[in-house]
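The report below is meant to be read alongside the coordinates, and it moves from the whole chain to single residues.

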Amino acid sequence: AALRRLASDSTAYRIQQHTPGTHICLEEVKSGRRLECRCADFFSLGLDLTERSDVIFFAVNIPCKLFPKLCSRLAKAKDGCRLFTYHRLDTIWWSEERCPFHQVEVNVPETDTFSTSWSPQGYRFYVYVCDRSRQPQIKADSRNETFSEWQAMWDEASQSYFYHNQETEASQWELPREVGCWRVHWAEDHGAWFFQHVPSGHSQWDAPKCLADLGWSWAYGTPAAMETS
């Protein structure tokens, strides 16, 4: 709608192609430059252009199960490509492939925010540049322990925390048992909890950071927890 309005209000632009609901192409009459907008699955149409793109705007929150696939596509970016993203790459780089992106210096301070329609006061986006001549800044880690789609929130009325899932918008009082790609299990023979990284099958007694930050430990809710409290 915005592109159609621009073309109708100005002789400098014209609609070159338009397939309602899927594709529209705006052309600048003087230069012939084109802006194409498409509606599709970005893994099949959009990220397939990563190797040829000068700039990638990826201001979208995607489910964590898609992080490995996203990293595989971004790893193919050409040197010099700029990336503007909703996600911090160091928290979502769930891949063994080398990450070629480096955060640009002016974007490092937490105060570098961008105003949006849904966050006029400013939201924290991340800006990177692809540069393979430098040593990787972001660790390649398919077993990332830091990312969490859950946020602990304080409820004043009950004087207790509840947990909000930023991907599904669901909320609950109980501690989440699935966070990122980690899952919590009970070991009956040990009388304790353990933590499994689902994609790799790796298990450990120590809670990964994403679960520990929410309150999980191997002894959560067990007699051992009472003894050490």
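What follows covers overall shape, cysteines, a histidine and two unusual backbone angles.

**Overall shape**

The model is a predicted one, and the protein in it has five helices and 14 strands. Its radius of gyration is 22 Å, well over the 17 Å that the globule rule gives for 229 residues, so the protein is more spread out than a compact globule. Taken along the principal axes, the box filled by the C-alpha atoms of the protein is roughly 75 × 45 × 35 Å. Of the 229 residues in the protein, 37% are buried, and the exposed area of the protein is about 14,000 Å², with carbon and sulfur atoms supplying 51% of it. When contacts are restricted to residues at least 6 apart in sequence, 49% of them join residues at least 24 apart. As for charge, the protein has 24 positive and 30 negative charges, and the mean positions of the two sets are 11 Å apart.

**Cysteines**

A disulfide is a covalent bond between the sulfur atoms of two cysteines. With a cut-off of 2.5 Å between cysteine sulfur atoms, the count comes to zero disulfides. Cysteine 81 is in no disulfide, and the nearest cysteine sulfur, which belongs to cysteine 130, is 6.5 Å away. For cysteine 210, the closest cysteine sulfur is that of cysteine 181, and the separation of 9.3 Å is too far for a bond.

Cysteine 64 sits in the loop between strand 4 (55–58) and helix 2 (67–74). Once neighbours within four places in sequence are left aside, cysteine 64 is in contact with Trp94, Phe147, Glu149, Glu167 and Gly180. One of these partners, tryptophan 94, is 30 residues apart from cysteine 64 along the chain, and the C-alpha atoms of the two are separated by 9.3 Å.

The relative accessible areas of the residues discussed in this report are collected here.

| Residue | Relative accessible area | Class |
|---|---|---|
| Cysteine 64 | 7% | buried |
| Cysteine 81 | 0% | buried |
| Histidine 102 | 2% | buried |
| Glutamine 159 | 48% | partly exposed |
| Glutamate 169 | 54% | exposed |
| Cysteine 210 | 2% | buried |

**Histidine 102**

Histidine 102 belongs to strand 6 (residues 101–103), and its relative accessible area of 2% places it among the buried residues. Not counting residues up to four places away in sequence, histidine 102 touches Val127, Tyr128, Val129, Asp131, Arg134, Gln135, Pro136 and Gln137. Histidine 185, by contrast, is 36 Å from histidine 102, C-alpha to C-alpha, with their positions 83 residues apart in sequence.

**Positive phi angles**

Most residues other than glycine have a negative phi. Glutamine 159, although it is not a glycine, has a positive phi of about 55°, and its place is in the loop between strand 8 (150–155) and strand 9 (160–165). Glutamate 169, also a residue other than glycine, has a positive phi near 70°, and it lies in the loop between strand 9 and strand 10 (171–172). Which class of accessibility does glutamate 169 fall into, buried or exposed? Glutamate 169 counts as exposed, because its relative accessibility of 54% is over the 50% cut-off. Glutamine 159, at 48%, is partly exposed, because that class covers values between 20% and 50%.

How values were computed. Residues are numbered from 1 along each chain as its sequence is written. This is a predicted model: local features need pLDDT of at least 70, side-chain atom pairs count only at pLDDT 80 or more; totals for chains, interfaces and linings use all residues. Side-chain values use heavy atoms; hydrogens and water are left out. Buried means under 20% relative accessible area, exposed over 50%, partly exposed in between (1.4 Å probe, protein chains only). Helices (H or I, at least four residues) and strands (E, at least two) are DSSP runs, numbered from the N terminus. The radius of gyration is taken over C-alpha atoms; the globule rule is 2.2 Å times the number of residues to the power 0.38. Contact means heavy atoms within 4.5 Å. Accessible areas come from the Shrake-Rupley method with a 1.4 Å probe; for residues, only the protein chains shown count as cover. Lys and Arg count as positive and Asp and Glu as negative; His and the chain ends are not counted. The place of a charge is taken as NZ of Lys, CZ of Arg, CG of Asp or CD of Glu.
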